[in-house]
Amino acid sequence: MAPTRKRDEPRSKTTLGLTIRDILIATGLLALFTAFFVRGGRFVPDLPKPSRLVDMKIATEASSEMCGSAPHDGHPVLVEMLYSNDKQAWIDEAATRFAKLCPKIQIKAVASGGIEGADSILKGDVRPTIWSPADDLVLRYLDGRWNESHGRSLFDITKQTSLARSPLVILIWEDRLEVLEDILEKNKNGEGLWVDAMCPGVPRDPQDLEEMALEHMVPGTWSDWYGSVVPAALPEQPTPAARRVDKKSKRAYIAPFPTAEEMRRWGRAKFVHSSPTRSAEGLEALYLMAYDYALPPNDRPAALKERIKDALGQPSKEGVVVRGDLAEADFARSFQERREPFQRWLKRCEAGVPPPPPSASLLTDAIFDLGASRYDAVVTPEQLVFTIFQQLDTHADVMAELRVVYPQPTLVNEHPVVIVDDGQITAEQRTAAEKWISFLRGPEMQKLAVKRGLRPANPELKLRSIEDSDNPFFKFRRYGVEIDAPFVEAPRLDGKFVAELVRAWRDATGRH
């Protein structure tokens, strides 16, 4: 008898189940053998390559050398840095990079002015771990004031380290520069640039200031200044355009020399510096004015004149600074002898002018934004001029041109940094601060400083070695930027002298 359909159903289900299981097993085996051949005949996973293990070890060692050992409590070590605002772009970017490389060190960077920052430390408003003003003069100022009030030093000024370099320069409109160069070439009065340009027409020892209106205590006019040096009257009509080539920049000039009428329209000479009580650059300008006033070029030691002559006669060499230390004693003595007439001269020159801007950065922006009607020239650190030159390039078809001048004497901002020891700094903080300073002086951060307009402090790095389109020292040479010319510095006196100079300015101008 033939089997019924019901008896066949279980066998059909079993057969179907076996078929599905066989397919799954076969598929799994096929995948396994495929993986076997893909792995080159090995079922075990690949081990990490030896080079990767070596790279990680080197990276760990490098991180330890750069950042130091881990803090004992597991929390990041806080390093508070007070620094001059003229290098803010560089410090901010460097701090961001350092935070990624060394997360166990926390950098809290605060920008501040020169004397303003020093006074904040004096008052106890800020207590930084490290301090980096723009210039050594500000360090000397705080060191002297702190010793007076506390009987000890807040930091070891002999252990200051330079982070970057930037000379003090003058940014001036091109037509004004033509007249200024002619005046300086023909002037035989023996005064220095910082007396002639900042206070033209002001007598060295003005009298009867009590009878003079405050608004008249300003520098003289361009036309009077030029007329006192060049007796022959200027032509009332423009002279024919004559091509001449500037010896330094090799740039050709086509514009005619300014006429008498143009000079009259310029009004008084407006060579402006920032506030000496709030910015390092303003203090430096005041210091150079005092140096030229108290010790004019003809009165300086013969040995110093010979040193300068030798330096200027040598083949061009990047970064040479001619120190003025040979004139320190003469400068100090002469200033004390001439302090009272200097203060009268300063009052006659600056008491009636508008209050100076609080920072060189604001002043440098203002000469571009407000134009020659407000400023003929401004005193500023070199790194701030590059942003202006970039804007001039952008608006070359409608903008008059500005030029940078490297005065002699000048002061080179070394952007020194010191570790502040108020008795509360820990060993971990000191070590972390040293690691941060070393990072800033390293090759990569020094190259970044150059791109931000600062000259490298690391002697192994030269401007010419940075062949980069972002190197502003090459990009803007047509505006007068110099790479190889030596910088002739004024002598640097102690903190007591700097404080006395600041008081003299305050007394002369009635400003703080």
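Helices are DSSP runs of H or I with at least four residues, numbered from the N terminus. The model described here is predicted.

Empty space comes first. Rolling a probe the size of a water molecule over the atoms shows where empty space is left. A cavity is a set of grid points where a 1.4 Å probe fits but cannot get out. By this rule, two cavities of 30 Å³ or more are counted. The largest cavity has a volume of about 70 Å³. Its lining is made up of 14 residues. Of these, N85, D86, S279, A280 and E281 lie nearest the centre of the largest cavity. Two helices, α10 (280–294) and α13, each supply at least two residues of this lining. Sorted by class, the lining of the largest cavity holds four nonpolar, eight polar and two charged residues.

A pocket, in contrast to a cavity, is an open set of points. The second largest pocket holds about 420 Å³ of space. Its lining draws on 23 residues. Nearest the centre of this pocket lie Q383, L384, F386, T387 and R452. Four elements give two or more residues to the lining of the second largest pocket: α3 (88–101), α13 (360–370), α14 (385–394) and α17 (472–475). By class, this lining has seven nonpolar, nine polar and seven charged residues. Helix α13 thus appears in two linings, that of the largest cavity and that of the second largest pocket.

Helix packing was examined next. Two packed helices are described by the angle between their axes and the distance between the axes. Helices α13 and α14 both contribute to the lining of the second largest pocket. The axes of α13 and α14 come within 10 Å and cross at roughly 20°. Angles under 35 degrees count as roughly parallel. That makes α13 roughly parallel to α14. The crossing of α13 past α14 is right-handed. On the α13 side, the contact involves T364, D365 and F368. On the α14 side, I388, Q391 and L392 take part. The residues of this contact divide into three nonpolar, two polar and one charged.

Helices α5 (residues 136–150) and α18 (residues 495–509) form another pair. Their axes come within 7 Å and cross at roughly 95°. An angle of 65 to 115 degrees counts as roughly perpendicular. Helices α5 and α18 are therefore roughly perpendicular to each other. Helix α5 makes the contact through L137, R140, Y141, R145 and E148. Helix α18 meets these residues with G495, K496, V498 and A499. By class, the contact of α5 with α18 has four nonpolar, one polar and four charged residues.

A further pair joins α15 (residues 427–441) and α16 (residues 443–451). These two helices pack at an angle of about 60°, with their axes 5 Å apart. That makes α15 oblique to α16. The contact is made by F439, L440 and R441 of α15. From α16, the partners are P443, M445 and Q446. Four nonpolar residues, one polar residue and one charged residue make up the contact of α15 with α16.

Backbone details complete the account. A cis peptide bond joins Q408 and P409, with omega at about 0°. P409 is found in the loop between β11 (402–405) and β12 (412–413). Strand β12 also borders the loop that holds H415, which runs between β12 and β13 (416–419). Phi of H415 is positive, near 45°, in a residue other than glycine. D208 is not a glycine either, and D208 has a positive phi of about 55°. The place of D208 is in the loop between α7 (193–196) and α8 (222–229).

Note on methods: Residues are numbered from 1 along each chain as its sequence is written. This is a predicted model: local features need pLDDT of at least 70, side-chain atom pairs count only at pLDDT 80 or more; totals for chains, interfaces and linings use all residues. Side-chain values use heavy atoms; hydrogens and water are left out. On a 1 Å grid over the protein atoms alone, a cavity is a set of points where a 1.4 Å probe fits but cannot get out, and a pocket is an open set with protein on both sides within 12 Å along at least five of seven lines; lining residues have an atom within 4 Å of a point. Grid points are joined across faces, edges and corners, and a volume is the space filled by probe spheres set on the points. Ala, Val, Leu, Ile, Met, Phe, Trp, Tyr, Cys and Pro count as nonpolar, Asp, Glu, Lys and Arg as charged, and the others, Gly among them, as polar. Axes are lines fitted to C-alpha atoms, for helices over the stretch in contact, and angles run from 0 to 180 degrees between N-to-C directions. Angles under 35 degrees count as roughly parallel, over 145 as roughly antiparallel, 65 to 115 as roughly perpendicular and the rest as oblique. A crossing is left-handed if the near helix is turned anticlockwise from the far one by less than a right angle, and right-handed if clockwise. Contact means heavy atoms within 4.5 Å.
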